[in-house]
Number of protein chains: 2
Amino acid sequence: MLNFSFYNPTKILFGKGQIAAISKEIPKDQRILLTYGGGSIKQNGVYDQVMAALAGRTVFEFAGIEPNPTYETLMKAVELARREKVDFLLAVGGGSVVDGTKFIAAAIPFVGDPWDILANRGRIETALPLGSVLTLPATGSEMNSGSVVTRRATNDKLAFMHPLVYPRFSVLDPTTTFTLPPRQIGNGVVDAYTHIMEQYLTYPVNAPIQDRFAEGLLLTLIEEGPKALAMPDDYDVRANIMWCTTMALNGLIGAGVPGDWATHMIGHEITALHGLDHAQTLAIVLPSVMQVKRDKKRAKLLQYAARVWNLTDGDEDGRIDAAIAKTREFFERMGVHTYLGDYGIKADAVPALVAQLERHELTKLGEYGDIDLPTSRKVLELSVAA
Amino acid sequence: MLNFSFYNPTKILFGKGQIAAISKEIPKDQRILLTYGGGSIKQNGVYDQVMAALAGRTVFEFAGIEPNPTYETLMKAVELARREKVDFLLAVGGGSVVDGTKFIAAAIPFVGDPWDILANRGRIETALPLGSVLTLPATGSEMNSGSVVTRRATNDKLAFMHPLVYPRFSVLDPTTTFTLPPRQIGNGVVDAYTHIMEQYLTYPVNAPIQDRFAEGLLLTLIEEGPKALAMPDDYDVRANIMWCTTMALNGLIGAGVPGDWATHMIGHEITALHGLDHAQTLAIVLPSVMQVKRDKKRAKLLQYAARVWNLTDGDEDGRIDAAIAKTREFFERMGVHTYLGDYGIKADAVPALVAQLERHELTKLGEYGDIDLPTSRKVLELSVAA
């Protein structure tokens, strides 16, 4: 096992009816800014539940945080919060709303240009407290300290992490996900699956607990994911998926083991240039990374084949091929296509994507730092079509 | 899955060399009380590492916290800390030292009789911050908010839990466990195994993540436990056991599922009246609870038999018998005997143990609350001898 530090102070309030509990989590006298996205929370009753829980409080609202939240939008919320002297941020929505609200929390008291937070040029000394009511199980942002923000003006999709932006609490009520469109469920499952794979499919460091936790989460997604599409209002299915997506990226399964994250970094550039959903880019890139790095990932690929897909017969390369194929099939089964071509993107798009990686100095990706630009090019070329 | 609230703010600093990191975790100006046990930390170098990390700080010492820490001893530390106006407590040792230090932390500022904290008559409004350097993987106290304290005068072994006594940080350096006697390793593994079983072996609530995490921890203890006895200075083995024992009781695998805890409650009375090690009492009681409650625990017993012990052939009762026998064999293999008779305790001791349960109003134990005094008597009678 590798040395590690693990710290995660987010309080999780899980289950039906838990939105009401937020009234005890936010001090009575605080001026609250409610942040949300396109307004689906007004259709599905979540907005009303939140407002009922906050009855009698001073609540401001900022709507319109988009998928892949943009710096341009978020800075308007920062202005509003500064003007109204807000004390507490409450994000209600999916990972984009939570990510965006983390940036708002850090940007409000930031001295200097808040873009420096994302460009990693400035130090966060303080941040406003935030909480979340999650309505879309996917990114894990509700229980981690990371945030990804896009600057529309420059097509930059950048991330920051800071312990001060862990949500103080996150409400995970599976019933809030019943009305999600299938595309968002499929995306969420693929996103979480890839988060787990980025922390699992590297090289062995004798960490059986982390391995078994990761495999347990993957198996649960494989079992429950298709059920979530088939039976949208099955509470237990949604509960298991919701807890899986949170556990996939709260630091636990990654503690003491190497991380890859090349799939995410390459995927971010596809979203930045072509606007694909985050999970779509992961479904495209992950199978190609598995293929291109199959030699260095051999031991874990064989373990993954055996323990997750029960592939134990035949020679090693055959099992690895089958495990990659099974992964791709699972993503397709969740309704997420796995080639660039499926989204109308052709081979001629590859050079610009590689140029973006170069511009962002993402030239040493993967658990060994050996995914250089030529290797990323190979990954992308393999991702164009079957 | 059941509704739950999960909150665990303890920062874990895991790995060799991590004791040095405590200097960054405790503010420079704080007056520190170092608490420890019988002094083994002075033989194995841990004390020197801690003092080196705290060089230049104001450090007081309180030694002599015993296994099953007593109220009488701990109150002397409370007096010392009050007198010296201590700001921060640093527990260095095993679960007893950490448990005892949590009580000290709550008792120092407590208004009224601190025994009320354990008798659950008083409210904890504040507590001193504490950290820990763990040297004995077993109880999980390093990453939870629970504490068990014994009052020698009355043979009461009582517990309290409070979020204010989560350690701010805990250092888990597996090398500090190399010099532990085999008895303490065996006890630690049995303790953690039983913690997991208390949260796993109840009834199914469609919580596949919690089940697989619990099974992953059990399998890891079964694999690594005997290696820890055979190869005392294998770093990876000790690291895996140390992380297992922490994960076994930090709230995670118990979130959203029922808990049993009858084995612990009955075991506490055996320690209180006969002085057995905590883990010895668990090794004695757990197999009998499995046997007596085999009908209501049937579904999970069969799952345990199949997934943990690979027992899938034969009829259901045969598999359950085999799983109970395997559990007992594993405890014995860890050097922990599994019958009261092995410790010279005979059948005539049972009535006094049942009377203790009655005196502590422990008359509705187990996940259904149906382990009444006659059932506990049956469990104890079955525990006397093979």
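Contact here means heavy atoms within 4.5 Å. With that cut-off I looked up the interface: 38 residues of chain A are in contact with 39 residues of chain B.

**Setup.** I noted that this is a predicted model, in which local features need pLDDT of at least 70, side-chain atom pairs count only at pLDDT 80 or more, and totals for chains, interfaces and linings use all residues. Residues are numbered from 1 along each chain as its sequence is written, chains are lettered from A and ligands numbered from 1 in the order in which they are written, and side-chain values use heavy atoms, with hydrogens and water left out.

**Interface of A and B.** I looked up the buried area, that is, the accessible area (1.4 Å probe) that two parts lose on being put together, summed over both. Between chain A and chain B it is about 3,400 Å². Carbon and sulfur atoms give 59% of that area.

Next I checked polar contacts (a pair of N or O atoms within 3.5 Å; within protein, one must be able to donate a hydrogen and the other to accept it, and residues adjacent in sequence count only if both atoms are side-chain atoms). The rule finds 16 residue pairs across the interface, both residues at pLDDT 80 or more.

Which elements give two or more residues to the chain A side? They are strand 1 (4–6), strand 2 (11–14), helix 8 (208–230) and helix 9 (235–247) of chain A. Helices (H or I, at least four residues) and strands (E, at least two) are DSSP runs, numbered from the N terminus. Helix 8 of chain A gives the largest share, 10 residues. I then split that side by residue class: 22 nonpolar, 11 polar and five charged. Ala, Val, Leu, Ile, Met, Phe, Trp, Tyr, Cys and Pro count as nonpolar, Asp, Glu, Lys and Arg as charged, and the others, Gly among them, as polar.

**Salt bridges.** The rule is a side-chain nitrogen of Lys or Arg within 4 Å of a carboxyl oxygen of Asp or Glu. I find 40 over all chains, and two between chain A and chain B. Arg212(A) forms one with Glu223(B), with the closest N and O atoms 2.6 Å apart. Within chain A, Glu224(A) pairs with Lys227(A) at 2.8 Å. These two are three residues apart in helix 8 of chain A, so about one helical turn separates them.

**Strand pairing.** Two strands pair if DSSP finds at least two bridges between them. Strand 2 of chain A pairs with strand 1 (residues 4–6) of chain B, antiparallel, over three bridges. Leu13(A) stands opposite Ser5(B) there. In chain B, strand 7 (residues 146–151) and strand 8 (residues 156–161) pair antiparallel over six bridges. Ser147(B) has Phe160(B) as its bridge partner. The two strands form a hairpin with four residues between them. Asn155(B) in the turn has a positive phi of about 55 degrees.
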